[in-house]
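Here are some notes from going through the model, strand by strand and ring by ring. Have a look at the structure first, then read on.

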Amino acid sequence: MRMSEKRLEDALKSMKDGDLLLFRQKSLISCLGRGSYSHAAMFAWWNGEPFCLEVLQGVGGRAIHLRQAVRENPGQYDVFRANHEERWGSFDRQRCVQYMSCLMGCRYGYEGILKVSLLHLPLVRLFLRANTDDSSCAEEFPFCSQAVTMAYRLGGNVDPVPQLADHYTEPSDLARSPFFGFLFSLLPDKEEKEMEVILYEAGYRK
């Protein structure tokens with residue numbers, strides 16, 4: 001286990017509502033985009049349980065228990081503290097989470113992710129430019145990082161990437177924002193990892 005990695009049980013002791021979750025895996029966004037992250041989500045405590053709030057491709061808006069998410073993808077979720085230097089006094093963690101929770105059940109924004117992907121094609125970049133106008137896609141369903149950015153801006157009162165409109169903000173853009181500070185990568189608890197091995201050897205996991 002690297003210094004930057006933490007077992008979930010230990011990590012949860014310091015995690016707060018509205019913290020940013022970024023996921024590392026090869027995908028269209030991570031290969032063509034501006035960094036190694038392929039997905040963005042938000043952390044929230046619900047009735048004392050840790051949840052990952054996200055708008056996921058093929059699923060839409062959902063809340064998944066963080067233990068399940070980390071168990072299925074060990075070491076691939078990075079946690080970033082929102083407002084890590086306490087420089088943004090107007091930031092509201094609870095309203096940020098409330099806004100994100102309102103997106104649970106919404107459709108995934110395929111149109112938006114297509115536009116973002118097209119921006120990285122050499123010829124298309126000559127005719128299509130990213131902009132900073134957040135109102136230009138008000139009627140579109142959001143994709144992952146767009147939803148998270150909207151929640152911080154409209155719910156939390158802070159635009160984490162002001163140089164880009166929400167619908168052009170990629171997961172790795174959020175990682176570079178001064179509003180966030182990296183904390184650690186998440187590993188499943190030791191007991192859950194051992195159970196995964198038992199189930200795999202028994203033929204219940206592929």
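1. F180 is a good place to begin: in this predicted model, F180 has a relative accessibility of 5% and so counts as buried, the cut-off being under 20%. Its ring partner Y152 goes further, at 0% relative accessible area, and is buried too.

2. How do the rings of Y152 and F180 sit against each other? Their centres are 5.1 Å apart and the planes meet at 65°; since anything over 60 degrees goes down as edge-to-face, that is the label for this pair. Y152 comes from helix α6 (residues 144-155) and F180 from strand β7 (residues 180-187), so the contact joins distant parts of the chain, 28 residues apart. The two are also members of a bigger group, as ring pairs tie W88, F91, Y152, F179 and F180 into a cluster.

3. Aromatic pairs turn up elsewhere as well: the whole structure has 12 of them. Take Y37 and F80, with ring centres 6.1 Å apart and planes at 80°, which makes this pair edge-to-face. Here strand β3 (residues 37-46) supplies Y37 and strand β6 (residues 77-82) supplies F80, and the pair links distant parts of the chain, 43 residues apart. Y37 is buried with a relative accessible area of 11%, and F80 is buried at 5% relative accessibility.

4. Now the sheet. What is the order of its strands? Reading across, it goes β1-β7-β6-β2-β3-β4-β5: an open sheet of 7 strands with mixed pairing. The edges belong to β1 (5-7) and β5; each has a single partner strand, so one side of each lacks a neighbour in the sheet. On average, and ignoring direction, neighbouring strands are turned by 35° against each other.

5. β6 deserves a closer look. Is this strand mostly covered or mostly open? Mostly covered, with 6 of its 6 residues buried. That goes for both faces: Y77, V79 and R81 are buried on one side, and D78, F80 and A82 are buried on the other. Note that R81 and D78 appear in those lists of buried residues.

6. Both partners of β6 deserve a mention. β2 and β6 run antiparallel and are joined by 4 bridges, with L22 opposite D78 of β6. β6 and β7 are also antiparallel, paired over 5 bridges, and there V79 stands opposite F184 in β7. For a contact between residues far apart in sequence, try G181 and R81: 100 residues separate them along the chain, yet their C-alpha atoms are 5.1 Å apart. G181 sits in strand β7 and is buried, at 9% relative accessibility.

7. Further along the sheet, strand β2 (residues 20-24) pairs with β3 in the antiparallel sense over 5 bridges. F23 has H39 as its bridge partner in β3.

8. Then there is the hairpin. Strand β4 (residues 49-56) and strand β5 (residues 60-65) pair antiparallel over 6 bridges, and L53 stands opposite A63 in β5. The hairpin has 3 residues between its strands, and G58 in the turn has a positive phi of about 85°.

9. Which residues have a positive phi although they are not glycines? N83 is one of them, at about 55°, and N157 is another, at about 70°. N83 is in the loop between β6 and α4 (93-101) and counts as buried at 4% relative accessibility. N157 lies in the loop between α6 and α7 (171-176) and counts as partly exposed at 38%. I'd check the backbone at both places on screen.

10. Last, the second largest pocket, which holds about 160 Å³ of space. What lines this pocket? The residues are W88, D159, P160, V161, P162, Q163, L164, D173, R176, S177, P178 and F179. By type, the lining divides into 7 nonpolar, 2 polar and 3 charged residues. W88 and F179 belong to this lining, and both are also in the aromatic cluster from point 2.

Methods: Residues numbered from 1 in each chain as written. Predicted model: local features only at pLDDT ≥ 70, side-chain atom pairs only at ≥ 80, totals over all residues. Heavy atoms only, no water. 1 Å grid on protein atoms, 1.4 Å probe; cavity = no way out; pocket = protein on both sides within 12 Å on 5 of 7 lines; lining within 4 Å. Points joined across faces, edges and corners; volume = space filled by probe spheres on them. Nonpolar A, V, L, I, M, F, W, Y, C, P; charged D, E, K, R; others polar. Pairing = 2+ DSSP bridges. Helix = DSSP H or I, 4+ residues; strand = E, 2+ residues; numbered from the N terminus. Phe/Tyr/Trp six-rings, centres within 6.5 Å; stacked < 30°, edge-to-face > 60°. Buried < 20%, exposed > 50% of the residue type's maximum accessible area, 1.4 Å probe, protein only. Axes fitted to C-alpha atoms, helices over the stretch in contact; angles between N-to-C directions.
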